[in-house]
Amino acid sequence: MPEHININGEIITPDNLSQWKTDRSGIEADLAAFLDEWFSDSPGITLQTSGSTGHPKIITADRESMRASARMTCDFFGLTTTSSALLALPLRYIAGKMMVVRAIISGCRLIIQEPSSTPLANIKTKVDFIPMVPMQAITTLQQTNGEEQLSRARSILLGGGFIDPELSQALQHIPSQIFASYGMTETLSHIALRRVNGNAADEWYTPLPGIEISLTPAGTLQLSAPKLGIQHLTTNDLAEINAEGRFRILGRRDFVINSGGIKIQAEEVEQQLRSAYKLNLIIVPAPHPVLGQCVALVWEGPTYAEVQLRQAIATLPERQRPRLIRHLKQLPLTATGKPDRRAAIDIISTNKL
């Protein structure tokens, strides 16, 4: 039988795709468009990066590399023809597209629904696998039966954003096996995983089979994966590799603020402030006439919370304290729900010291 996919129990092949896609809308129309491209004779598959740390860009991946990535995930999570997987992510980006490829490779039943902040709310039966962004997990836990919703999934893959320690703690009560992923569009989704909940919870990522990691002289993570067509891909993620060949991310090299020769990691300051007072915020650099750069902050939340925020800021080392603070009704986010640092920098640039 030619390559095919099980969508909500219906088998779609290149032969009946034209009939199936008639009058489809929303995510089903997006799925039909991707399947058109996948089943076509085009030399590659078009992918768009999220643009969370730079301008979004278009790249092209070959199908065999995407199949190899899908096989790694299916093998790890045990996805087979008897499994079910839930797709509730946009199909515009790599996370959604790779879910479709995993369903094609494994033969599992792919349940599709419009992306929402609570993707398991309307799922009445158990599903074997669902990828989610942290925001979806947070919003689900805020529901009256949020823990029960998450428990409907045997395995949950969290990716595409920072996992707050508070979220990690809240997930400890969930019986599902929950993993955090490390990867990007250029690596065709995740290339390493770490357990978030349970006795095996860990801060260190374990590379999937066939993934080779090393550090550049600048301390950033470098990746090679022959099956994925990746050779010496240098990331902007500052990392540490232990004796077991596992790694943890220390922060982004391009998130380092150089304030008068003192290197400040933006993500470290964000985490300290979030831990002290639960607010959504982004730390970015701002020009400074003497120091070159200083720390700036944009945040969202009730205006009365600024008193507590400034109290938390006062506990930071002096150079880490934001010299510019901007309150917003809503933080800028990318299309995939990640903090949009470039937009935050543009917002701060409208202020003056």
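**Helix α4, ionic contacts, cysteines and a pocket in the predicted model**

Helix α4 is mostly covered, with 11 of its 13 residues buried. The structure described here is a predicted model, and within it α4 spans residues 94–106 and reaches 18 Å from its first C-alpha to its last, close to the 18 Å expected at 1.5 Å a residue. The buried residues of α4 include the charged Lys-97 and Arg-102, and they also comprise Ile-94, Gly-96, Met-98, Met-99, Val-100, Val-101, Ala-103, Ile-104 and Ser-106. Just after the helix, Gly-107 adopts a positive phi of about 80°.

Under the distance criterion applied, the model contains 13 salt bridges. One of them joins the side chains of Asp-36 and Lys-21, with an N to O distance of 2.5 Å; this pair links distant parts of the chain, 15 residues apart, since Asp-36 belongs to helix α2 (residues 26–39) and Lys-21 to the loop between α1 (17–20) and α2. Asp-36 counts as partly exposed, at 33% relative accessibility, and Lys-21 is likewise partly exposed, at 31%.

A salt bridge is also formed between Arg-154 and Asp-128, whose closest N and O atoms lie 3.2 Å apart. Here the contact is between two strands, with Arg-154 in β8 (residues 153–158) and Asp-128 in β7 (residues 127–132), and the two residues are 26 apart along the chain. Arg-154 is partly exposed, with a relative accessibility of 34%.

In a further salt bridge, that of Asp-202 with Arg-246, the closest N and O atoms are 2.7 Å apart. Because Asp-202 lies in the loop between β10 (189–195) and β11 (206–207), while Arg-246 lies in the loop between β14 (230–241) and β15 (247–252), the pair ties together parts that are 44 residues apart in sequence. The partners fall into separate accessibility classes: Asp-202 counts as partly exposed at 25% relative accessibility, whereas Arg-246 is buried, its relative accessible area being 18%. Apart from these pairs, Glu-3, Glu-64, Arg-67 and Arg-71 are linked in a network of salt bridges.

The count of disulfides in the model is zero. Cys-74 takes part in none, the nearest cysteine sulfur being that of Cys-108, 6.5 Å away. From the side of Cys-108, the closest cysteine sulfur is that of Cys-74, and the separation of 6.5 Å is too far for a bond, given that a disulfide requires the two sulfur atoms to lie within 2.5 Å. Both cysteines are nevertheless covered, Cys-74 being buried at 5% relative accessibility and Cys-108 being buried at 2%.

The second largest pocket holds about 930 Å³ of space. Its lining consists of 31 residues, among which Met-135, Ile-138, Asp-164, Arg-274 and Asn-280 lie nearest the centre of the pocket. The elements that give two or more residues to this lining are the helices α5 (134–141), α7 (165–171) and α8 (266–276), together with strand β18 (280–288). Of these, α5 provides the largest share, five residues. By residue class, the lining of the second largest pocket divides into 16 nonpolar, nine polar and six charged residues.

Terms used
Residues are numbered from 1 along each chain as its sequence is written. This is a predicted model: local features need pLDDT of at least 70, side-chain atom pairs count only at pLDDT 80 or more; totals for chains, interfaces and linings use all residues. Side-chain values use heavy atoms; hydrogens and water are left out. Helices (H or I, at least four residues) and strands (E, at least two) are DSSP runs, numbered from the N terminus. The expected span of a helix is 1.5 Å times one less than its number of residues. Buried means under 20% relative accessible area, exposed over 50%, partly exposed in between (1.4 Å probe, protein chains only). A salt bridge is a side-chain nitrogen of Lys or Arg within 4 Å of a carboxyl oxygen of Asp or Glu. On a 1 Å grid over the protein atoms alone, a cavity is a set of points where a 1.4 Å probe fits but cannot get out, and a pocket is an open set with protein on both sides within 12 Å along at least five of seven lines; lining residues have an atom within 4 Å of a point. Grid points are joined across faces, edges and corners, and a volume is the space filled by probe spheres set on the points.
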